[in-house]
Amino acid sequence: MSTTGANADPLAALGSLPGVAESVESVRKSVDRVYGHRVMRRRSNEITSEAALRGARGSGALSGADWALEEVRRRSDFSGDEEARVIGAALRLTAEAGQLLSVWRQSPLRVLARLHLVAAATSGDEVGRPRQEGEPVDEPLIELPLPSAAEVSGRLEGLAELIIAGSSAPALVTAAVVHGELLALRPFASRNGLIARAAERIVLVGSGLDPKSVCPAEVGHAELGRASCLAALDGYVSGTPEGMAAWIGHCGRAIELGARESTAVCEALQRGAA
């Protein structure tokens, strides 16, 4: 998205797009439903842990490793084939995201570099930094044209400036822009989808919308499916008001589905069936 112009708070301006306020309100009600559940008062740590596991499974599915939840829960070695490495990266990112909340508002680019280091888990020169001109990007599930390294650098700086400056925009709007921008740019040599979804999680938790990280948007993104995600991302990349609103709405639905998942977990625990 463009970060220039007369509007000092472009993220807040997105909140006034048609349909966005309704998405924000719907997300808030879904999140409040989880936090108001009686199980959350005494077993919130269990809900957080389960949400992390389910979120990692969902993020991995969108990156080509659609494993059953119980397989993710059971497995301890993720060093085998590419699917196993994807799931391992998703689990590491989910764990790491919670450690980076205090750094995000001061140095989002440092956080993104750290996320790539954690996700890649290799020692190559391309790890932990934005890609340079001519370097390949391993992100086969996103088929959009690849921005140049110069464009990536400029837009990442602009995104970082917005985050550091702060915004009156709802958390949903900021999270959707961070997620969409990272998917559109694919700033790293690999694992960009996983990183984009981890960054979305950081925004949702750090903003106070989901402070206990119990509403895994990754679950919702996986349930909505890759085709739906790519169609909505096309709208984001278009930069039109309608396209931006559609992407924000898509991310809102993903959060609602994540909240619904954790509500179901709460209810299962309440029945003694979990």
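Where does α3 bend, and by about how many degrees? In this predicted model, the bend of α3 falls at Glu46 and amounts to about 40°. The end-to-end distance of the helix tells a matching part of the story: α3 runs over residues 40-62, and its 23 residues leave the end C-alpha atoms only 28 Å apart, short of the 33 Å that a straight helix would reach at 1.5 Å a residue. Beyond the end of α3 comes Gly64, with a positive phi near 100°.

Two other helices make a helpful comparison. Helix α13, residues 241-271, has 31 residues and covers 45 Å from its first C-alpha to its last, close to the 45 Å expected at 1.5 Å a residue. Gly272, just after α13, takes a positive phi of about 80°. Helix α7, residues 108-120, has 13 residues that should span 18 Å at 1.5 Å a residue, and the 18 Å between its end C-alpha atoms agrees with this. Just after α7, a positive phi of about 55° is found at Ala121.

Helix α7 also has a well-populated buried side of the account. Its buried residues are Pro108, Val111, Leu112, Leu115, His116, Val118, Ala119 and Ala120. These buried residues pack against α5 (82-97), α6, α8, α9 and α10.

Several of those partners return in the description of the largest pocket. This pocket holds about 310 Å³ of space. Its lining consists of 19 residues, and Arg105, Thr174, Val203, Gly206 and Ser207 lie nearest the pocket centre. At least two lining residues come from each of α6 (101-104), α8 (149-165), α9 (171-185) and α10 (192-206). Of the contributing elements, α10 gives the most, with three residues. Sorted by class, the pocket lining has 11 nonpolar residues, six polar ones and two charged ones.

Enclosed space was examined as well. The structure holds three cavities of 30 Å³ or more, and the largest cavity has a volume of about 120 Å³. Lining this cavity are Leu62, Ser63, Glu139, Leu141, Ile142, Leu183, Gly193, Arg197, Arg226, Cys229 and Leu230. Both α10 and α12 (226-238) supply at least two residues each to the cavity lining, and the largest share, three residues, comes from α12. The classes in this lining are six nonpolar, two polar and three charged residues. Helix α10 thus has a place in both linings, as it supplies at least two residues to that of the pocket and at least two to that of the cavity.

The loop between α9 and α10 deserves a look at its backbone. Arg186 is found in this loop, and its phi, near 45°, is a positive value in a residue other than glycine. Arg191 has its place in the loop between α9 and α10 too, with a phi near 60°, again positive in a residue other than glycine. Are these arginines, Arg186 and Arg191, buried or exposed? Arg186 has a relative accessible area of 3% and so counts as buried. For Arg191 the relative accessible area is 15%, and this residue is therefore buried as well.

Individual residues elsewhere in the chain fill in the picture. Ser23 sits in helix α2, residues 20-35. Its relative accessible area is 16%, which means that Ser23 is buried. Leaving aside residues up to four places away in sequence, Ser23 touches Leu172, Gly249 and Glu256. Among these contacts, Leu172 falls within the range of α9 (171-185), while Gly249 and Glu256 fall within that of α13 (241-271).

Leu11 belongs to helix α1, residues 10-14, and is buried at a relative accessible area of 3%. Leu11 and Ile163 are separated by 152 residues in sequence, yet their C-alpha atoms are 9.6 Å apart in space. Ala68 offers a contrast in its surroundings. This residue lies in the loop between α3 and α4 (69-74), and its relative accessibility of 51% is why Ala68 counts as exposed. From Ala68 to Val27 there are 41 residues in sequence and 27 Å in space, C-alpha to C-alpha.

How values were computed: Residues are numbered from 1 along each chain as its sequence is written. This is a predicted model: local features need pLDDT of at least 70, side-chain atom pairs count only at pLDDT 80 or more; totals for chains, interfaces and linings use all residues. Side-chain values use heavy atoms; hydrogens and water are left out. On a 1 Å grid over the protein atoms alone, a cavity is a set of points where a 1.4 Å probe fits but cannot get out, and a pocket is an open set with protein on both sides within 12 Å along at least five of seven lines; lining residues have an atom within 4 Å of a point. Grid points are joined across faces, edges and corners, and a volume is the space filled by probe spheres set on the points. Helices (H or I, at least four residues) and strands (E, at least two) are DSSP runs, numbered from the N terminus. Ala, Val, Leu, Ile, Met, Phe, Trp, Tyr, Cys and Pro count as nonpolar, Asp, Glu, Lys and Arg as charged, and the others, Gly among them, as polar. The expected span of a helix is 1.5 Å times one less than its number of residues. The bend at a residue is the angle between axes fitted to the seven residues ending there and the seven starting there. Buried means under 20% relative accessible area, exposed over 50%, partly exposed in between (1.4 Å probe, protein chains only). Contact means heavy atoms within 4.5 Å.
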